[in-house]
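Here is a short set of questions and answers for someone reading the structure at the bench. Look through the sequence and the model before going on.

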Amino acid sequence: MARSALLNVMVQAAMKAGKSLSRDFGEVQNLQVSVKGPSDFVSQADLKAEKIVHDELMKARPTYGFLGEEGDEEKGTDGAHRWIVDPLDGTTNFLHGIPQFAVSIGLERNGEIVAGVIFNPATDELFTAEKGGGAFLNDRRIRVAARRVLSDCVIGCGVPHLGRGNHGKFLVELRHVMGEVAGVRRFGAAALDLAYVAAGRLDGFWETGLSPWDMAAGLILIREAGGFVSDFKGSNDMLADGSVAAGNELIHKQLVEVANRPIPTR
Ligand code: IPD
Ligand code: CA
Ligand code: CA
Ligand code: CA
């Protein structure tokens, strides 16, 4: 299916930033890195990539708002549209030479994500989706996995840092999931985790404590791939709440149920 002009703008921006990331990935030991919080690093590579994406998107649509991880939010005069951008999702992987990272760009219209692009320059994998147009990996249609039984499933997750809270609850969730599935994976780049659910590589995914830029593009990928995604309450408030559970209808439901099991008091 042909991409819209807007999606093309997003793809161009992601690929241009991806080139910059690829160059920096080759010289990762020379990058300046600073620490923003517990296990939250930012390098010159993140900042360069954000500038590239910002400039490309704002050149094409100067009136849209812009929310990027590494800069101050720009409101925009348009009111209806906002770019939501993670210029480098998986910074910790990147800084360790692990090729599991991506540029993630979501487009929000009147509070709803209507287009998403996630690009991993290390593997040359480009995930794209537009509302009503399906989800694609390098222009081939993707769908969420059809597995219905948890014991056949590989489920992805995010592991909260000890200093960022929620780890006690996470350990309880992990124990429940581990006991029921074929495997649990922690790849370290939430945007790609969501793209992997859309592509049927992961049967499901759950994480909490995320930011809008980690999720925006992934949400529409999953929906356009026929999947279900919500916050831990089962509502559509992921961007504000920071929690996300995803999979096909059945697996998503079971992950929401796991996230809501009572935490034993001892
Ligand atoms: C992080 C990654 C990671 C997730 C963290 C995020 P960053 O994003 O997506 O998988 O567990 O919560 O902050 O900082 O590498 O863009
Ligand atoms: Ca970060
Ligand atoms: Ca991120
Ligand atoms: Ca980031």
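A pocket here is an open set of grid points where a 1.4 Å probe fits, with protein on both sides within 12 Å along at least five of seven lines. The model is predicted.

Q: What is the volume of the largest pocket?
A: Rolling a probe the size of a water molecule over the atoms shows where empty space is left. For the largest pocket, the volume comes to about 680 Å³.

Q: Which elements give two or more residues to the lining of the largest pocket?
A: The lining is made up of 29 residues, and those closest to the pocket centre are S39, T92, R164, R186 and E207. Sorted by element, two or more lining residues come from each of β2, β4, α3 (91-95) and α6.

Q: Which residues coordinate the calcium ion (ligand 2)?
A: The coordinating atoms are of the OD and OE kinds, at 2.3 to 2.6 Å. The residues that supply them are D40 and E69.

Q: How many residues apart in sequence are D40 and E69?
A: D40 belongs to strand β2 (residues 40-43), while E69 sits in the loop between β3 and β4. The pair therefore ties together parts of the chain whose separation in sequence is 29 residues.

Q: Is D40 buried or partly exposed, and which of these is E69?
A: Buried means under 20% relative accessible area, and exposed means over 50%. E69 has 18% relative accessibility, so E69 counts as buried. D40 has 23%, so D40 counts as partly exposed.

Q: Which residue coordinates both the calcium ion (ligand 4) and the calcium ion (ligand 2)?
A: The calcium ion (ligand 4) is held by E69 (OE), D86 (OD) and L88 (O), at 2.2 to 2.3 Å. Their spacing in sequence is E-x16-D-x1-L. E69 in the loop between β3 and β4 and D86 in strand β4 are 17 residues apart, and the pair links distant parts of the chain. The two ions are 3.9 Å apart, and the residue that coordinates both is E69.

Q: Which parts of the chain do D86 and D214 tie together?
A: The calcium ion (ligand 3) has D86 (OD), D89 (OD) and D214 (OD) as protein donors, lying 2.0 to 2.3 Å from the ion. In sequence these donors follow the spacing D-x2-D-x124-D. D86 and D214 are 128 residues apart in sequence, so the pair ties together strand β4 and helix α6.

Q: Are D86 and D214 buried or exposed?
A: Both are donors to the calcium ion (ligand 3). By relative accessible area, D86 and D214 are both buried.

Q: What distance separates the calcium ion (ligand 3) from the calcium ion (ligand 2)?
A: D86, D89 and D214 are the protein donors of ligand 3, whereas D40 and E69 coordinate ligand 2. The distance between the two ions is 5.2 Å.

Q: What is the strand order of the open sheet?
A: Strands of a sheet pair through backbone hydrogen bonds, either parallel or antiparallel. This sheet has seven strands with mixed pairing. Its edge strands, each paired on one side only, are β3 (65-68) and β9 (140-141). The order is β3-β4-β5-β6-β7-β8-β9.

Q: Which residue is the bridge partner of N120 in β7?
A: Strand β6 (residues 112-120) and strand β7 (residues 125-130) are antiparallel and share six bridges. Within that pairing, the partner of N120 is E125.

Q: Which residue in the turn between β7 and β8 has a positive phi?
A: Four bridges join these antiparallel strands, and F127 stands opposite L137 in β8. The strands form a hairpin with three residues between them, and the turn residue with a positive phi, of about 85°, is G132.

Q: Which residue in β9 is the bridge partner of F136?
A: β8 and β9 are antiparallel, with two bridges. They form a hairpin with two residues between them, where N138 in the turn has a positive phi of about 45°. The bridge partner of F136 is R141.

Q: At about what angle does helix α6 run to β6?
A: Helix α6 (residues 212-224) lies across β3, β4 (81-89), β5 (102-109), β6, β7, β8 (134-137) and β9. Relative to β6, its angle is about 100°.

Notes
Residues are numbered from 1 along each chain as its sequence is written. Chains are lettered from A and ligands numbered from 1 in the order in which they are written. This is a predicted model: local features need pLDDT of at least 70, side-chain atom pairs count only at pLDDT 80 or more; totals for chains, interfaces and linings use all residues. Side-chain values use heavy atoms; hydrogens and water are left out. Two strands pair if DSSP finds at least two bridges between them. Contact means heavy atoms within 4.5 Å. Axes are lines fitted to C-alpha atoms, for helices over the stretch in contact, and angles run from 0 to 180 degrees between N-to-C directions. Donors are N, O and S atoms within 2.8 Å of the metal (3.2 Å for Na, K and Ca); water is not among the atoms, so sites may look incomplete. Buried means under 20% relative accessible area, exposed over 50%, partly exposed in between (1.4 Å probe, protein chains only). On a 1 Å grid over the protein atoms alone, a cavity is a set of points where a 1.4 Å probe fits but cannot get out, and a pocket is an open set with protein on both sides within 12 Å along at least five of seven lines; lining residues have an atom within 4 Å of a point. Grid points are joined across faces, edges and corners, and a volume is the space filled by probe spheres set on the points.
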